[in-house]
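Trainee: Got a minute to walk me through this one? I'd like to start with the helix packing.

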Amino acid sequence: TGNVTYDPGYMNTAGVKSAITYIDGDQGILRYRGYPIEQLAEKSSFIEVSYLLIYGELPTATQLEEFDTKIRRHTLLHEELKGFFDGFPRDAHPMPVLSSAVSALSTWYQDSLNPFDPEQVELSTIRLLSKVPVIAAYAHKKSIGQALLYPDNSMNLVENFMRLCFGLAAEPYELDPEMVKILDLLFVLHADHEQNCSTSTVRLVGSSDANLFASVSAGVNALFGPAHGGANEAVLKMLRQIQAEGISPEKYMEKVKNKEDGVRLMGFGHRVYKNYDPRAKIIKKAAESVLAKSAGGDELLEIAMRLEEKALADDYFIQRKLYPNVDFYTGIIYKAMGFPEKMFTVLFAIGRLPGWIAQWREMMEDPERKIGRPRQIYTGSSQREYPQS
Ligand code: CMC
């Protein structure tokens, strides 16, 4: 096989050079375009961070306003695309609905098929940022049998999304500014994470000169798995199971440590962070503040906190450097906001979208770009002859 290195999971292989996101997994550092995540979480917004990731610099006030206005103006879905939602079973998971609808954008915007036309790339960028939250909200509304609302362009992306998810056609929708702020914060924290599984997928698909919609649709599918974005939904299932069965966090930990039925402590561990995930630190605080306001969710938060406390003091986790990751507390917050569990990974996808777009665009402009084509170590049979009769 020649000069091939075997590296399952690409643990030690850098396939790209990137100037977007910096992670130091040992120290628990995350920066977008050089800005520490803690500062962006405190001072920035999802729209501003999207601009930063995609264009490389923080926008001026005018640039930010123009960007925001463009996004507000492209929120409408083609009426026929809205019909798309009727084609799926009512109880469909919204992730495959989202990936299908994103893929279908190529059929409505056929000029987008050329990934080297900068004007089209820009238009596809804006269309994705505008329409993905609307598609996500419609997938949710369909699943609960409610009417789809038209976007309201007087609202920003996050406000609009909340209204499209929770508003009712006959009644004005009153936004809860604190919830809007926290959802915006969660989107900021999810916005990019260098060459994770879904982003690498977006790049790999794009490396064949597939357009932005096709590449991002593939990214949504990669995010769906429980080892990646699907972990936020899996965490909540785990917490509810512990609650329903009345088992103690200690007992659950025993199951995890004995690897019974492959049980893992969902929301723990990370390929790159061998220290507390800096996003999880910020999210934990947000969870406490959301739950201080709402009734009912506190018990799950308590179970989560006890699991965390036990895990951080346990040799199994210490030796393997397993810490809470971004997904550990998000589900509890989303639940308190009123999102059903099936929507959790969709919320991750909305947050990760600007990262996917920025990484795809960076790759397409890279003069060293090559089609992604890993090699293999062949383990099959050597040549053998087809039976004579
Ligand atoms: N619970 C129990 N044991 C674990 C866990 C966990 N959550 N994560 C890793 N381990 C153990 C694993 O069994 C292995 O032990 P051993 O050496 O005895 O075989 C060791 O730690 C190394 O694990 P690995 O699977 O080789 O590590 P990886 O870098 O390939 O996997 C991971 C990283 C995130 C897939 C994994 O930690 C995991 O499955 N975590 C749970 C799912 C999760 O929370 N995913 C979200 C990741 S962060 C955000 C995102 O990407 O969406």
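Mentor: Sure. Met95, Leu98, Ser99, Val102, Ser103, Leu105 and Ser106 in α5 meet Phe213, Ala214, Val216, Ser217, Val220, Asn221 and Phe224 in α10. Contact here is C-beta atoms, placed from the backbone, within 7 Å. Helices are DSSP runs (H or I, at least four residues), numbered from the N terminus. Keep in mind that this is a predicted model: local features need pLDDT of at least 70, side-chain atom pairs count only at pLDDT 80 or more, and totals for chains, interfaces and linings use all residues. Numbering starts from 1 along each chain as its sequence is written.

Trainee: How do the residues of the contact of α5 with α10 divide by class?

Mentor: Nine are nonpolar, five are polar and none is charged. Nonpolar covers Ala, Val, Leu, Ile, Met, Phe, Trp, Tyr, Cys and Pro, charged covers Asp, Glu, Lys and Arg, and the others, Gly among them, count as polar.

Trainee: And at what angle do the axes of α5 and α10 cross?

Mentor: Roughly 170°, with the axes of α5 (residues 94-108) and α10 (residues 212-224) coming within 8 Å. Axes are lines fitted to C-alpha atoms, for helices over the stretch in contact, and angles run from 0 to 180 degrees between N-to-C directions. So α5 and α10 are roughly antiparallel, the term for angles over 145 degrees.

Trainee: Switching topic, which domains does the assignment give?

Mentor: Domain 1 is 35-225 + 341-364, and domain 2 is 231-337. Those bounds come from an automatic or database domain assignment. The C-alpha centres of the two domains lie 27 Å apart.

Trainee: How many residues does the contact take from domain 1 and from domain 2?

Mentor: 16 from domain 1 and 15 from domain 2. On the domain 1 side, α1 (37-43), α8 (177-190) and α17 (344-364) are the elements giving two or more residues. The largest share on that side, seven residues, comes from α8. By class, the domain 1 side has twelve nonpolar, two polar and two charged residues.

Trainee: Which residues in α8 meet α17?

Mentor: Leu186, Phe187 and His190 in α8, against Phe348, Ile350, Gly351 and Arg352 in α17. The contact of α8 with α17 has four nonpolar, two polar and one charged residues. Their axes are 7 Å apart at an angle of about 60°.

Trainee: Last thing: what surrounds the ligand?

Mentor: 20 residues, the closest being Ala231, Arg264, Gly269, Arg271 and Asn325. Being near the ligand takes a C-beta atom, placed from the backbone, within 6 Å of it. The shell divides into eight nonpolar, eight polar and four charged.

Note on methods: Parallel < 35°, antiparallel > 145°, perpendicular 65-115°, else oblique. Contact = placed C-beta atoms within 7 Å.
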